[in-house]
Amino acid sequence: MVAIFVLALFLFILLVDLIVLRIQGKSHPAFEPALSQYDYLVHDGNVIHIPSNLFFSKGHTWLKKNKNGLMEIGIDPFGSTALGTLSILKCAEVGEELKRGGMIFEGSYGNKTVKFLSPVNGIVKSVNPGIIGKKISNPYESWGVQLVSNDSPENRDLFFSGSDALNWIKNEFSKLKYFIDDNSPIVEFVGETMYDGGSLSNDVVSLLLDQSINDFEKEFLSL
Amino acid sequence: MLNETGILFDVTLCEGCGACYDMCKEVNNLPETNDDYLKDHLSDNTFTVVEEYGEIYTRKLCMHCNEPACVSVCLVGAIKKSSTGAVVYDADKCIGCRYCMQACPHSIPRYEWGTTKPRIRKCNLCDDRVKAGKLPGCVEACPTEAAIFGKMDELIEIAKNRLKSDPDKYYQHIYGLEEAGGGHVLIISPVPFEQLGYVSKLTSEPMPEFTMRAMEKIPSVAIGGGLFLSAMFWLTKRKNELAKEKKSTNGKENI
Amino acid sequence: MKINDILKPTFWKVVSVIIVTMGLFSTYYRFSLGLGLTTNLHDSVPWGLWIGFDFIGVGLAAAGFTIAATVHIFHIHKYEPLVRPAILTAFLGYSVVVCLLVVDLGRPENFWHPLVMWNIHSVMFEITWCLICYTTVLILEFAPVVLEKFKIKAPIKYLKIISIPVVIAGVIFSTLHQSSFGSLYLIVPGKLHPLWYSSLLPVHFYISCIAAGLSMIIFESFLIARAFTKKDGFHHTELKMDILSGASFAVLIALIAGFLLKIYDFIDNGKLPLLTVPSTETYLFYLEILIGTLVPIFLLSYKKLIEDKKWMYLTSICVISGLVLNRLNVSITGLAASSGVNYFPSFDEISITMMLVVLAIFAFRLIAKNFAVFVSNESENSVNENGTAKSKQIILSERYE
């Protein structure tokens, strides 16, 4: 009986806490729908979040299946920060029939333009007008397009989620460091910074050779 | 063991007069706890009781084990074996953890719950009286010689003879000879002992043995664990260093 | 923090104040009236809620040694951010346990006797010494955090030198006393219900404390993320899911090991028929195994669930509940039949226990507010490296702007 009593008291207190939070309009970290699932520290003080309800394609877009069956697609934190802050220039248009591998976003780091590829087949239902021409500050809030698609993001061969996604993104960032080393004319300098445990600066793109942006697309944005 | 003394209690001779109960209270300066001594039970002010089972009367008291659980568990050594074989208690050492009460296979020790400076209370086989050459209070008071006092080997001999000479009268078992490793209070009775409220099914192994089996592994766990952890420390450190070296040479190649 | 903020009543502040006030009154009564009047303990039930709760507290504080060993001995630095919270939890957990023990002692004024009066055959003696030594280890392990704060650098150097032997000693002391809490009951084969009595009790206790200690750290990470937000000026308090997933996996392994050992124990000692005897003990045993072992093993076996914070939270609660049930079953349920009495703790017993838990949580808050308890992966290892890296980065960006 004592065992049951102590256990019940423990669970009761946890329950009351949830109710109190609900009344205060706050959410418990375990049950809040929002982000901050898997965290990875990149730039000084910058944390990369990998929410567990999202899926990630190898072309650095994220996918989210909405309750109404629509699929939201946006650019992931790697894509939005890899070579400096990304601004979106163009999006696929409403009504367009997208093929997997077709262009879905066009963006630019500084003066260099890159293409992001659609991770699924589908028809564009709507486009977020708020993202065109702007820098992406919160990659998960600014979805780019909504698609009607029959493809399932839960295909583990094509898409990552949870800790797989975290490991993959980590890997991509370390690949990126080598990539910048290889493609920067002032090797010593950048290299030194990185091996000292330093991090990527916010304006890497200006260090790169002109043609290397194509290699970047091939290396990081292909599916 | 040879010079150690104890009590042999013969249930067949006990008439339930309660003289032992009264004398125990007198010797230990204990207050009265019940109008009817047959209805009393062991407590912080009652070290022995006479119990009535139909026509049969028997007694309950500390069994003064040879290897007492209470002595082995007491972390400050407040409970000790006396040279006479009695299990005695020193209240000045006691911190009041009550592990002895928990550990006792016969559930004998009682506690002074009502005070702010509580003591463990139980029969001490009148250790001071015995050392002064007197009989324990209960034995001295017994009018029928149901309880006799003497050296342990003599008492065992007497008990065995009684069982042998009158096999119909006695249940063929000496309670307390082997229970929990044996003790200094032996009981012989006409009926099986569980009928008289004694804890039967006790192993003949002394209770401290159960703990010792685990305790004796402590040195090897400590030393083995220490070695294992030190080894793991060096191994994993070395492994990490190698991995780091490899990484940095790889890095240089890339440049 | 301003005085106004501290005095602003919130639900939990009010509840805490009520609990502590009641607890203080109960403590006063306990020490002025004695155990008999204020507790429901008596000759047949010499140990009650307080001792049972000590087992729970020590079991849940086990992460202090497992995490320290993982990071400092096995060099898995991923878990670095958990070290300080785990050590602090362990220290506060043990403080609660020691306070409860003193409250429970019949003669608390003699609490120092074990230091000078020895009986090396007593498990209790061994536990007492391990507790003392391990608490010292915890203080040494946490001392750098305090010294850092006050910028006293000299002793930190010496602490660094002895840190590895200290961690190793901590693991050994923990191993010994965690298992010895089980050994306490080895001496009562006739009294403790055979569902729980086993010559392997120390091993059961040890394995279950590893699973529950890690679960406690996971559970606590949620509490920390809930209570210490960026808004209040805390950093590195957000949930670090990859670390917690790793810890959950270790919980799974410990749970499976513990379960296999239980099965072996039941088969080896022919205790299987006991499982079909309808009695309170059997039902509580089933509840303990179900909540504390089977459900968490099931949940943790799914990779998807291990990575979902909601399920991770619920799983940690399950494992903790399992430990609570197990320790109280061993210390109270399992002994009820042989004592012949139904024990239920008194108001004073409950309120003193709750007061100590509230005070420990308060102490955790206070220490977390004032010392660097939460650190990120990098900061502890590579302060220097980061320093140089930063300066170079500035040069880098200046040059190309």
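**Why these terms apply: a predicted model**

Me: How do you know that helix α2 (residues 11-33) of chain C agrees with its expected span?

Reply: The expected span of a helix is 1.5 Å times one less than its number of residues. For the 23 residues of α2(C) this gives 33 Å, and the end C-alpha atoms are 33 Å apart, so the two agree. Helices here are DSSP runs of H or I with at least four residues, strands are runs of E with at least two, and both are numbered from the N terminus.

Me: What kind of model is this, and how are residues and chains labelled?

Reply: This is a predicted model, in which local features need pLDDT of at least 70 and side-chain atom pairs count only at pLDDT 80 or more, while totals for chains, interfaces and linings use all residues. Residues are numbered from 1 along each chain as its sequence is written, chains are lettered from A and ligands numbered from 1 in the order in which they are written, and side-chain values use heavy atoms, with hydrogens and water left out.

Me: Which residues of α2(C) are buried, and what covers them?

Reply: The buried residues are I19(C), V20(C), G23(C), S26(C), T27(C) and R30(C). Buried means under 20% relative accessible area, exposed means over 50%, and partly exposed lies in between (1.4 Å probe, protein chains only). The covering elements include α3 (35-38), α4 (49-60), α6 (80-104) and α15 (347-370) of chain C, where contact means heavy atoms within 4.5 Å. After α2(C) comes G34(C), with a positive phi near 95°.

Me: Why is S107(B) called partly exposed, and why is C126(B) called buried?

Reply: S107(B) has 34% relative accessibility, so it counts as partly exposed. C126(B) has 13% and therefore counts as buried. S107(B) sits in the loop between α3 (99-103) and β6 (110-111) of chain B, and its phi is near 50°, a positive value in a residue other than glycine. C126(B) is in the loop between β7 (120-121) and α4 (127-131) of chain B, and its phi, near 45°, is also positive in a residue other than glycine.

Me: What makes E140(B) and R129(B) a salt bridge?

Reply: A salt bridge is a side-chain nitrogen of Lys or Arg within 4 Å of a carboxyl oxygen of Asp or Glu. The N to O distance between E140(B) and R129(B) is 2.7 Å, and the pair is a salt bridge. It links distant parts of the chain, 11 residues apart: E140(B) in helix α5 (residues 137-141) and R129(B) in helix α4 of chain B. E140(B), at 42% relative accessibility, counts as partly exposed, whereas R129(B), at 14%, counts as buried.

Me: What does the salt bridge between K262(C) and E288(C) tie together?

Reply: The side chains of K262(C) and E288(C) meet at 3.7 Å, N to O. K262(C) lies in helix α11 (residues 241-268) and E288(C) in helix α12 (residues 280-300) of chain C, so the pair ties together parts that are 26 residues apart in sequence. Both residues are buried. Over all chains the count is 17 salt bridges.

Me: How do you know that strands β7 and β10 of chain A pair?

Reply: Two strands pair if DSSP finds at least two bridges between them. Strand β7 (residues 97-98) and strand β10 (residues 122-127) of chain A have two bridges and pair in the antiparallel sense.
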